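I wanted a quick look around this fold before doing anything else with it. Here are my notes, in the order I looked things up.

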Amino acid sequence: MKLRCAIIDDEPLAVELMESYVRKTPFLELHGAFGSGVMAFEQLRDRPVDLLFCDIQMPGLNGVELTRMLPVDTRVVFTTAFSSYAVEGFRVNAMDYLLKPISYADFLAAAERALAWFEMKERAGQLRTGKDVGQAQDMTGRHSIFVRSEYRLRQIELDRILYVEGLKDYVKIHVEGEPFPVVSLVSLKSMEEQLPSERFVRVHRSYIVQPAKIRTIERNRIVFGKERIPISDGYKEAFFAFLARHSMLP
């Protein structure tokens, strides 16, 4: 897989450095380098890239403001000399965050994490459409997703996910055998798009569950240990239809 990428930085030397890094990275293709967010906006809006290496502190239109205006499929790696901007990057669901001066090792690590994310997204799409299921499996025969958590990409096996809980701007992924959920700054809708629909189903505006992991349902609530997941009226029919379709009902 090749990722189309672009660079935005108001420092010419920083742009040159990042261009040299892209050229020596075989899975990256440079589709633009810009000295300001204003210059980049029109092109990236009409001809989006997969991955954007973007400085945060720029005159006119800063990196955080710009990325909020770009297509949602464009993933962002922020670059900055100020560590205090990491929180701002996390709020717009940045894929990664690089602190200047940036070494090639750090750049490559961020690019490889982005590549892994796009490959998993592609495989999830193949799985949803029923294409190339064998290639969508890992070495153990199970499927997994990558999620951004605490400034890292973490791989989670789908077989271990009990349910996903949506809380405003982030989700909690409750994983079997782990005492604490994995927290990721992403919407529940975005998470739903990553999860294969033949394995996961929405039961509430705030919950997605994996029915194969359900052991008890009582009074329109799914029981996971001490937790009770409500099945709302708006999703009840689709949920029980899912169970019937997969022969999970007596």
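Entry one. I'm working from a predicted model. I started at Leu-3 and asked what it touches beyond its neighbours within four places in sequence. Its contacts are Phe-27, Leu-28, Glu-29, Asp-50, Leu-51, Ala-114, Leu-115 and Phe-118.

Entry two. Next I checked which core Leu-3 sits in, and it belongs to the largest nonpolar core, which has 25 residues. Leu-3 is among the members that touch the most others, along with Met-18, Leu-28, Leu-51, Phe-53 and Phe-107. I then looked at where the core residues come from: strand 1, helix 1, strand 3 and helix 5 (104-128) each supply at least two. Helix 5 gives the most, with nine residues.

Entry three. I found a second core, separate from that one, with 19 residues. Ala-40, Cys-54, Phe-78 and Tyr-97 are included in it.

Entry four. Then I turned to the sheet. In what order do the five strands of the open sheet run? I read it as 2-1-3-4-5, with parallel pairing. The edges are strand 2 (28-34) and strand 5 (96-99), and each of these pairs on one side only. Going from one strand to the next, the twist averages 20 degrees.

Entry five. I zoomed in on one edge. Strand 4 (residues 75-80) and strand 5 run parallel and are joined by four bridges. Val-77 stands opposite Asp-96 of strand 5.

Entry six. Which helices pack on the sheet was my next lookup, and I noted two of them. Helix 1 (residues 12-23) touches strand 1 (3-8), strand 2, strand 3 (51-55) and strand 4. The direction of helix 1 makes about 165 degrees with that of strand 2. Helix 2 (residues 37-46) touches strand 1, strand 2 and strand 3, and its direction makes about 130 degrees with that of strand 2.

Entry seven. I went looking for disulfides and counted zero. I also checked two cysteines for burial: Cys-5 is buried, with a relative accessible area of 0%. Cys-54 comes out buried too, at 0%.

Entry eight. Last, I took stock of the whole chain. I count seven helices and 15 strands. Buried residues make up 47% of its 250 residues. Of the contacts between residues at least 6 apart in sequence, 52% join residues at least 24 apart. The chain exposes about 13300 Å², and carbon and sulfur atoms supply 51% of that.

Key
Residues numbered from 1 in each chain as written. Predicted model: local features only at pLDDT ≥ 70, side-chain atom pairs only at ≥ 80, totals over all residues. Heavy atoms only, no water. Disulfide = S-S within 2.5 Å. Buried < 20%, exposed > 50% of the residue type's maximum accessible area, 1.4 Å probe, protein only. Pairing = 2+ DSSP bridges. Axes fitted to C-alpha atoms, helices over the stretch in contact; angles between N-to-C directions. Contact = heavy atoms within 4.5 Å. Areas by Shrake-Rupley, 256 points an atom, 1.4 Å probe, with all protein chains shown as cover. Core = buried A, V, L, I, M, F, W, Y, C linked by side-chain atoms within 4.5 Å.
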